[in-house]
Amino acid sequence: MMMTDITAGISYEKTYSGMEFEDISDATLHLRGAAVYNVSLVQGDEGWQLSIPSSLSENWEAGKYFYILVVTRDGDVFEAQSGHIFIKQNPITLGAGADFRTHDEIALENINAVLAGTATFAQKEYRIGNRRLERFEPSELLDVKMRLERRVLAKRNYDRRMASGKSHKIIHNIPIRLDV
């Protein structure tokens, strides 16, 4: 099962089991993005347990991260799983008026305001020397609006799938040794 997004300051636990976790001596999650984090998994009765306590993640930097879960088997290191996740900002440290919208949602709202005529700025280019101002054509804004709507919808559908535990099929790397 793929990893889901992590919220800094909130405990995260997940158990991994299956063929790729059999006969291994070590498993480590590596996160790379706004910062670098490494978390060791612990072997338990049900499989390998990933446990990120709130005290460990409370100061983690929010943002998009590449993750790779590596396992050690017979002295060799293999990729068990990889992908991208988001680490969300610690909600306890947020002040009043925090904005949880994605960049695409903010951009879409601004384009809708321009199209509705309620925005104060709709310029594409602005120069002071020679005093030039170029505005977006409505057709350009509609193209961008449609593209952003698709991306926002895709992200919401992805979030729903991940929350329900229905994610894409995972293809695992199977080690092959070539003795030459």
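Start at V36, in strand β4, which spans residues 36-40. This is a predicted model. Colour V36 by accessibility: at 53% relative accessibility, V36 counts as exposed, because the cut-off for that class is over 50%. Now add W60 to the selection. V36 and W60 stand 24 residues apart in sequence. Draw a distance from C-alpha to C-alpha, and the value for this pair is 9.3 Å.

**Next stop: T72**

Select residues 63-73. This is strand β7, and T72 belongs to it. Is T72 buried or exposed? T72 has 17% relative accessibility and buried means under 20%, so T72 counts as buried. Show what surrounds its side chain and backbone. Setting aside neighbours within four places in sequence, T72 is in contact with I24, S25, D26 and V77. Of these contacts, D26 falls at the start of β3 (26-32). V77 falls within β8 (76-88).

**Two aspartates with positive phi**

Move to D23. Look for it in the loop between β2 (12-16) and β3 (26-32). Check the backbone: D23 is not a glycine, yet its phi is positive, about 55°. The accessibility of D23 is 68%, over the 50% cut-off, so D23 counts as exposed.

Now select D74. Which loop holds D74? D74 sits in the loop between β7 and β8. Its phi is near 55°, again a positive value in a residue other than glycine. D74 has 69% relative accessibility and therefore counts as exposed.

**Last stop: the largest pocket**

Switch on a surface and go to the largest pocket. How much space lies in it? The volume is about 570 Å³. The lining has 19 residues, and those closest to the pocket centre are F86, K88, F100, R101 and T102. Centre the view on these five residues.

Then colour the lining by element. Three elements each supply at least two lining residues: β8 (76-88), α2 (103-116) and α3 (138-164). Which element gives the largest share? That is α3, with 4 residues of the lining. Two of the central residues, F86 and K88, lie within the span of β8.

Finish by colouring the lining by class. What is the make-up? There are 9 charged, 7 nonpolar and 3 polar residues. Among the residues closest to the centre, K88 and R101 are charged. F86 and F100 are nonpolar, and T102 is polar.

Note on methods: Residues numbered from 1 in each chain as written. Predicted model: local features only at pLDDT ≥ 70, side-chain atom pairs only at ≥ 80, totals over all residues. Heavy atoms only, no water. 1 Å grid on protein atoms, 1.4 Å probe; cavity = no way out; pocket = protein on both sides within 12 Å on 5 of 7 lines; lining within 4 Å. Points joined across faces, edges and corners; volume = space filled by probe spheres on them. Buried < 20%, exposed > 50% of the residue type's maximum accessible area, 1.4 Å probe, protein only. Contact = heavy atoms within 4.5 Å.
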